[in-house]
Amino acid sequence: CGIMSERLAVEERSVGKFTWKHVPVEVGSADSIVSTFRTILLPLVRPSWDPDRLSRNVFEGGTSNFLVGIYEEGRREEDLVLIRRDGRGTEMFVNRESEVVAMVALHQAGLVPPLYCSLKNGICYGFARGRNLTVSELQDHAMMKRTARALAKLHAVEIPAPLRGQPPLVWAKCDQWLSHLPGGYSHSRKNDCFHRTIGSLEVLSQELKRLKTETLGCLSPVVLCHSDMNGPNLIYSSLDDSVTMIDFEFSGPNYLAFDIGNHFCEFAGLETVDYDRYPGEALQKTWIRMYLEEAALLKGEGFARVTDTAVHQLFREANKFALVSHLFWCVWALLQGHHSDLDFDYVGYAGIRFAEFQRKKEAFYAL
């Protein structure tokens, strides 16, 4: 181990062939994050930077964590270092070791910036230069092709050996989260919202049970998935005209069709949710054909292998897994409503997802 200061040592951690550095320090507010970076992380991450010329940028809009970017004044944007403080109670939602392994594997594949180190309650990692996609851009044909290419590249990465024994993430997480959910909330507004929009945990459990049965016949393979492909997690860079994914908290073995169905749900937005923006069959099939063509290219196959039958099959599976997405994030939000200290209406969001599930389920089950 190398020594960062008289009090703190850098640990080398590994799972299988995947290794990374761990610094056993906790981070807090934006100011304390900068202080920690200056006094502890700077020699490890950016030893050439002047500690007296550091500035910070707080990234707004996260629904789980707190993110700060640190830079040396006068440096290029791509030199920005990101430090994420994990949200309170998020260890109930996220396997942090699996997240780190996925990030290391994807960096080795050339798809994401480096992970510099893990922390007691967060990570320090490189900046993906560019800007987040807007909701309207998700339906732009040129951006759809870039996004489909990015997802095909991710799905082509072999599931890291330490993660291969894990069950598909979506059902494992739903079962885990549901087991931690009490039947109501001590806060009256949250409690009223829960009973008005969901009804009860029994109702939710029964819908999940039927949904598992309805998706049993889906042929979707289990691959390395992102599982949270919304606009804020997609970064467009004009430098190489590409889209890069960020935020791998829910990455791991999962159904290929879940990534696509979940992405279609994200066309509705997050801050202001409007499911009238959910893509219709023609737009979905355009996106799916783009994805399958990119996947064929990565395998060295020609576009001729992408048939109308293959496009329609994935269209059916993606919409069934869009229903899975609704209940997955519904259960996530209900549990976040008990534990998170962030200013976000989690229980209200759970109600929105559940209502859309109810509105679409019979039509999607019939596909």
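Reader: Why is strand β4 called largely enclosed by the rest of the structure?

Author: Strand β4 covers residues 66-72. Six of its seven residues are buried, so the rest of the structure largely encloses β4. Buried here means under 20% relative accessible area. The model is predicted.

Reader: What makes β3 and β4 a pair?

Author: Pairing needs at least two bridges between the strands. Strand β3, residues 54-59, is joined to β4 by six bridges. Six meets that cut-off, so β3 and β4 count as paired. The two run antiparallel. One facing couple is F59 and L67, the latter in β4.

Reader: What makes β4 and β5 a pair?

Author: The reasoning rests on bridges again. Five bridges join β4 to β5, residues 81-85. At least two are needed, so this pair qualifies as well. These strands also run antiparallel. F66 has R85 in β5 as its bridge partner.

Reader: Why is D175 called partly exposed?

Author: D175 has a relative accessible area of 39%. Buried needs under 20%, and exposed needs over 50%. The value of 39% lies in between, so D175 is partly exposed. D175 belongs to helix α4, residues 169-179.

Reader: What makes the approach of D175 to K212 a polar contact?

Author: The two side chains come to 2.9 Å. The limit is within 3.5 Å for a pair of N or O atoms, so the distance qualifies. D175 can also be placed against W329. Their C-alpha atoms are 12 Å apart in space, while 154 residues separate them in sequence.

Reader: How do you know that K320 has no salt bridge?

Author: The nearest side chain of opposite charge is E214, at 4.7 Å. A salt bridge has to be within 4 Å, so K320 and E214 do not form one. K320 is nevertheless buried. Its helix is α9, residues 308-339.

Reader: Which residues does K320 touch, not counting residues up to four places away in sequence?

Author: K320 touches L211, E214, T215, C218, F364, Y365 and L367.

Reader: What makes E214 and R210 a salt bridge?

Author: Their closest N and O atoms are 3.4 Å apart. That is within 4 Å, so the rule is met. Both residues sit in helix α6, residues 201-214. They are four residues apart, which means about one helical turn separates them. E214 is partly exposed at 28%. R210 is partly exposed at 31%.

Reader: What makes E362 and R210 a salt bridge?

Author: The N to O distance is 2.9 Å. The limit is within 4 Å, so this pair counts. E362 lies in helix α10 and R210 in helix α6, so the pair ties together parts 152 residues apart in sequence. E362 is partly exposed, with a relative accessible area of 44%. Elsewhere, salt bridges that share partners join R84, D86, R96, E99 and E249 into one network.

Reader: How do you know that D345 and R189 meet in a salt bridge?

Author: Their side chains meet at 3.8 Å, N to O. This is within 4 Å, so the pair passes. D345 lies in the loop between α9 and α10, and R189 in helix α5, so the bridge ties together parts 156 residues apart in sequence. D345 has a relative accessible area of 39%, and is partly exposed. R189 is partly exposed too, at 46%.

Reader: How many salt bridges does this rule give?

Author: The count comes to 24.

Notes:
Residues numbered from 1 in each chain as written. Predicted model: local features only at pLDDT ≥ 70, side-chain atom pairs only at ≥ 80, totals over all residues. Heavy atoms only, no water. Buried < 20%, exposed > 50% of the residue type's maximum accessible area, 1.4 Å probe, protein only. Polar contact = N/O pair within 3.5 Å; in protein donor to acceptor, adjacent residues only side chain to side chain. Lys, Arg positive; Asp, Glu negative; His and termini not counted. Contact = heavy atoms within 4.5 Å.
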